[in-house]
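Trainee: Could you walk me through some side-chain contacts in this protein, one at a time? I would like to see how each answer is reached.

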Amino acid sequence: MNRFLMTLLCSAAAACGGTATDPSFSTRSASAAKPSEGRAAALAALFAADAAHTAAIAQLGPVDGVVRAMRGNALYLAANIDIVQGKSEIRAAVAAAEPDAAHTSLKRTLAGGDVSADGGFGFTFGWLEKTRPASDGTSLTSYGTYVSTWARDDDAFRVTAYYTRVSPTPHLPVRDGFPLLLGGAGAGGISRPGDVEQHRRSLLHTDAEFAAYSVANGFSPAFPAYSADIVMPFGRNFFFLIGRQEVTDFYAGGTPDEVLDWTPLYAGSSESGDLGFTVGKAVDSITNPDGRVDRFYSKYLTLWARQASGSWRFIADGGAASPPPSP
């Protein structure tokens with residue numbers, strides 16, 4: 001998506017696979033797969049893990065509770081900071097954003113998700129409601145969203161990437177029957193069992209091709225070209241798109257004066273190769289009439305589903321502003 005555009009739109013309204021330069025990370029161990037379990041049982045286990053994470057946040061607070069369910073090499077994406085990797089580093093980042101954590105409550109409501117065919121990878125998403133004391137003795141309530149990717153090792157799901165955004169208002173209504181919501185049919189990814197590292201590399205390659213298409217042709221045609229038939233853009237809210245025309249209309253508005261480029265840095269998948277994710281950094285460059293170029297930096301999380309053709313197409317995508325790179 002237009003990573004910067006999505007940030008603005010939402011303001012108005014992995015399994016941590018590894019890095020492009022360090023292939024030593026892996027999404028999950030082969031022993032974690034439970035092929036005979038069935039999707040329904042695997043999805044129930046995933047949602048139970050998300051519920052346990054929510055309960056830990058309620059019990060331990062918005063810092064210790066958030067990091068409790070994370071893998072040691074997890075990724076954290078929040079507005080106005082760089083991508084954070086590592087459990088201790090994430091704890092420091094969350095603590096810096098929650099100076100009065102002892103008096104702050106964070107509630108979560110699960111909205112949906114999906115799990116891979118082998119039960120080894122999944123994602124969940126939902127809404128946040130945060131209450132903290134105000135200086136006048138009253139309470140302040142804010143809202144937001146979260147998206148988690150999960151990997152399953154030794155029968156336990158752990159968070160491998162966590163995206164969150166703050167919103168001043170409650171969430172928008174959902175779209176009844178959208179496949180990624182609770183009770184929905186899921187993303188419909190097609191299994192292609194194989195080596196996790198190969199799946200991870202193919203995701204990085206596809207996302208890089210996607211970025212190159214955006215630079216060459218504009219983001220407005222790029223997003224429909226690389227989207228599945230269902231797409232869930234997210235930021236401060238979730239949007240629910242069905243069909244190519246809705247996707248095309250949502251991402252319309254690009255002009256030759258704007259160039260959106262991004263670099264995928266992390267990717268993850270299951271061994272079944274039907275679902276995966278990428279995380280990376282993006283820059284939106286806008287050329288003004290006087291020739292001056294404004295650049296807006298961000299990071300993103302994209303969720304992917306394998307299509308019947310064997311290609312990856314994205315099913316969900318969200319961005320958040322990042323600070324400019326150091327000189």
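Trainee: Which residue lies over the face of tyrosine 146?

Mentor: Happy to start there, and keep in mind that this is a predicted model. A charge counts as sitting over a ring if CZ of Arg is within 6 Å of the ring centre and within 35 degrees of the ring normal. Over the face of tyrosine 146, at 3.9 Å from the ring centre, lies arginine 108.

Trainee: And over which ring does the charged end of arginine 313 sit?

Mentor: Look for the charged end of arginine 313 and then for the ring beneath. The distance to the ring centre is 4.9 Å, and the ring is that of tyrosine 226.

Trainee: Tyrosine 226 also belongs to an aromatic cluster. Which tryptophans are in that cluster?

Mentor: The cluster includes Phe210, Tyr213 and Phe223 besides Tyr226. Go through its members for the Trp names, and you find Trp262 and Trp304.

Trainee: How many aromatic pairs does the structure hold?

Mentor: Rings pair if their centres lie within 6.5 Å. With that cut-off, the number of aromatic pairs in the structure is 22.

Trainee: Why is the pair of tryptophan 127 and phenylalanine 238 called stacked or edge-to-face?

Mentor: The ring centres are 6.4 Å apart, with the planes at 75 degrees. Planes over 60 degrees apart count as edge-to-face. So the pair of tryptophan 127 and phenylalanine 238 is edge-to-face.

Trainee: How many residues apart are these two in the chain?

Mentor: Tryptophan 127 is in strand E4, while phenylalanine 238 is in the loop between strands E7 and E8. The pair links distant parts of the chain, and the separation is 111 residues.

Trainee: Is phenylalanine 238 buried or exposed?

Mentor: Buried means under 20% relative accessible area. Phenylalanine 238 has a value of 3%, so this residue is buried.

Trainee: What kind of pair do tyrosine 146 and tyrosine 162 form?

Mentor: Their ring centres are 6.2 Å apart and their planes are at 15 degrees. Planes under 30 degrees apart count as stacked. Therefore the pair of tyrosine 146 and tyrosine 162 is stacked.

Trainee: Let's turn to charges. Which residue meets aspartate 153 in a salt bridge?

Mentor: Side chains of opposite charge can pair when their charged atoms come close. Here the N to O distance is 2.0 Å, and the partner of aspartate 153 is arginine 71.

Trainee: Which strands does that pair link?

Mentor: The two residues lie 82 residues apart, in distant parts of the chain. Aspartate 153 is in strand E5 and arginine 71 is in strand E1, so the link, with buried arginine 71, joins E5 and E1.

Trainee: Which residue is linked with Glu98 and Arg132 in a network of salt bridges?

Mentor: Begin with the bridge between arginine 132 and glutamate 98, at 3.5 Å from N to O. Within the pair, arginine 132 is partly exposed at 27%, whereas glutamate 98 is buried at 7%. The other member of their network is Lys130.

Trainee: Last one: what arc do the buried residues of H4 cover?

Mentor: The buried residues of H4 are Ile90, Ala93 and Val94, and they pack against helix H3, E1 and strand E2. On the other side of H4, Ser88 and Ala96 are exposed. Ile90, Ala93 and Val94 are on the same side of H4 because their arc around the axis is only 95 degrees.

Technical notes
Residues are numbered from 1 along each chain as its sequence is written. This is a predicted model: local features need pLDDT of at least 70, side-chain atom pairs count only at pLDDT 80 or more; totals for chains, interfaces and linings use all residues. Side-chain values use heavy atoms; hydrogens and water are left out. A salt bridge is a side-chain nitrogen of Lys or Arg within 4 Å of a carboxyl oxygen of Asp or Glu. Helices (H or I, at least four residues) and strands (E, at least two) are DSSP runs, numbered from the N terminus. Buried means under 20% relative accessible area, exposed over 50%, partly exposed in between (1.4 Å probe, protein chains only). The arc is that of the directions from the helix axis to the C-beta atoms. Contact means heavy atoms within 4.5 Å. Rings of Phe, Tyr and Trp (its six-membered ring) pair if their centres lie within 6.5 Å; planes under 30 degrees apart count as stacked, over 60 as edge-to-face and the rest as tilted.
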